[in-house]
Amino acid sequence: PPPPEEAPAAAEDAASAPPPEKKRRGEYTLHRYIPLAEALAAPPEGAAERAAWETICEFYGLANDCVPLERLYTRSYRLSSIYLAAAAVHEGVLQCDASQRLRVVHTGTVLFERMQSSRSPCPFRLVQAGLRYIGPHITRRRVALSLPEFCRLCLGAPTSTRDLSPAAAEAFRSMEPGTAVAEVHAPSDPGAVEGAEDARGGGNESSRRVWRLVVIRGVDSKAGTVDTTLNIMVSKEDLLSLREELKALGLWTEPTPAAAAA
């Protein structure tokens, strides 16, 4: 505490100081977009976050050069989320000099989000919006399904691996807990829609259309259990859009009442 003779002066300064600004409703702190390379190099957090990024690449089977590292961004050095910025936004907005830089509120597509609590070896989950770009590069935790199986997942209800083919069920059972990709390829057809654009913005993985969903392979509730449950990590709106697209293309297979009830 200040000496007695200084107390009146301190009180006078406190009284004359402007009141702290109140945060208006709906207002939030604007964090800049930090290049992922910068976050991975920043001391002292850099070592931990480099390990986190290596875990992501190992867990999902991503090659080091599968996405352009210079176009990956985060909003905090803790890597709460990882975004992929379009080439034009990266070069024309986020990388311009300070005198021309805009206050960017939101840009890019989220590829990964940090989970608050998880029993998965990888603390980051896949995000449905980012599968268009990162999906073709995932070599682990990616399971191909038949159209009827995929349509069942599109209903959004938790699905047991016992409702899948033996090969698909075994692929999910053998995984550690965490998010994974369930995908289906359109039947070979001369009129099939071209595949998704990759993260570098050019080409596609094949001439056949591919649809993907983010699912989470949970922790087995009972020791020694054979089957596990898949939860769909996709919004109702996105699932509805996907169902309507499959129906419009004549690819939708209505699940049986027993499967729908499950």
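These questions and answers walk through a predicted model, in which local features need pLDDT of at least 70, side-chain atom pairs count only at pLDDT 80 or more, and totals for chains, interfaces and linings use all residues. Residues are numbered from 1 along each chain as its sequence is written, and side-chain values use heavy atoms, with hydrogens and water left out.

Student: How many helices and strands does the protein have?
Tutor: Helices (H or I, at least four residues) and strands (E, at least two) are DSSP runs, numbered from the N terminus. By that rule the protein has nine helices and ten strands.

Student: What percentage of the 262 residues count as buried?
Tutor: Buried means under 20% relative accessible area, exposed over 50%, and partly exposed in between (1.4 Å probe, protein chains only). Of the 262 residues, the buried share is 41%.

Student: What share of the contacts with a separation of 6 or more comes from residues 24 or more positions apart?
Tutor: Contact means heavy atoms within 4.5 Å. Among contacts with a separation of 6 or more, residues 24 or more positions apart account for 68%.

Student: In what order do the five strands of the open sheet run?
Tutor: Two strands pair if DSSP finds at least two bridges between them. The pairing in this sheet is antiparallel. Strand S1 (34-35) and strand S5 (124-126) are the edges, each pairing on one side only. The order is S1-S2-S3-S4-S5.

Student: Which residue in S3 stands opposite Leu72?
Tutor: Strand S2 (residues 72-74) and strand S3 (residues 81-84) pair in the antiparallel sense over two bridges. Opposite Leu72, in S3, stands Leu84.

Student: Which residue in the loop between S2 and S3 has a positive phi?
Tutor: The residue sits in the loop between S2 and S3. Its relative accessible area is 0%, so the residue is buried. Phi is near 60°, a positive value in a residue other than glycine. The residue is Leu79.

Student: How many disulfides does the structure hold?
Tutor: A disulfide is a pair of cysteine sulfur atoms within 2.5 Å. The sulfur of Cys151 has its closest cysteine sulfur in Cys154, 5.8 Å away, too far for a bond. Cys151 is buried at 0% relative accessibility, and Cys154 is also buried at 0%. The number of disulfides is zero.

Student: How many salt bridges are there?
Tutor: A salt bridge is a side-chain nitrogen of Lys or Arg within 4 Å of a carboxyl oxygen of Asp or Glu. Arg142, Glu183 and Arg212 are linked in a network of such bridges. The count comes to seven.

Student: Which residue forms a salt bridge with Glu58?
Tutor: The closest N and O atoms of the pair are 3.4 Å apart. Glu58 lies in helix H3 and its partner in the loop between H5 and S6, so the pair ties together parts that are 82 residues apart in sequence. Glu58 is exposed at 54%, whereas the partner is partly exposed at 39%. That partner is Arg140.

Student: In which helix do Arg173 and Glu170 both lie?
Tutor: Their side chains meet in a salt bridge (3.9 Å, N to O). Arg173 is partly exposed at 25%, and Glu170 is partly exposed at 44%. The two are three residues apart, about one turn of the helix, and that helix is H7.

Student: How far apart in sequence are the parts that Glu245 and Arg209 tie together?
Tutor: Glu245 forms a salt bridge with Arg209, with the closest N and O atoms 3.0 Å apart. Glu245 lies in helix H8 (residues 236-248) and Arg209 in the loop between S8 and strand S9 (210-217), so the parts tied together are 36 residues apart.

Student: Is Arg141 buried or exposed?
Tutor: Arg141 is found in the loop between helix H5 (131-134) and strand S6 (142-144). Its phi is near 60°, a positive value in a residue other than glycine. At 8% relative accessibility, Arg141 counts as buried.

Student: Which side chain of opposite charge is nearest to Arg141?
Tutor: Lys and Arg count as positive and Asp and Glu as negative; His and the chain ends are not counted. Arg141 has no salt bridge, and the nearest side chain of opposite charge is 5.6 Å away. That residue lies in the loop between helix H7 (166-173) and strand S8 (178-185). The name is Glu176.

Student: What is the distance from the backbone oxygen of Glu176 to a polar atom of the Arg141 side chain?
Tutor: A polar contact is a pair of N or O atoms within 3.5 Å; within protein, one must be able to donate a hydrogen and the other to accept it, and residues adjacent in sequence count only if both atoms are side-chain atoms. Glu176 is partly exposed at 43% relative accessibility. The distance from its backbone oxygen to the Arg141 side chain is 2.9 Å.
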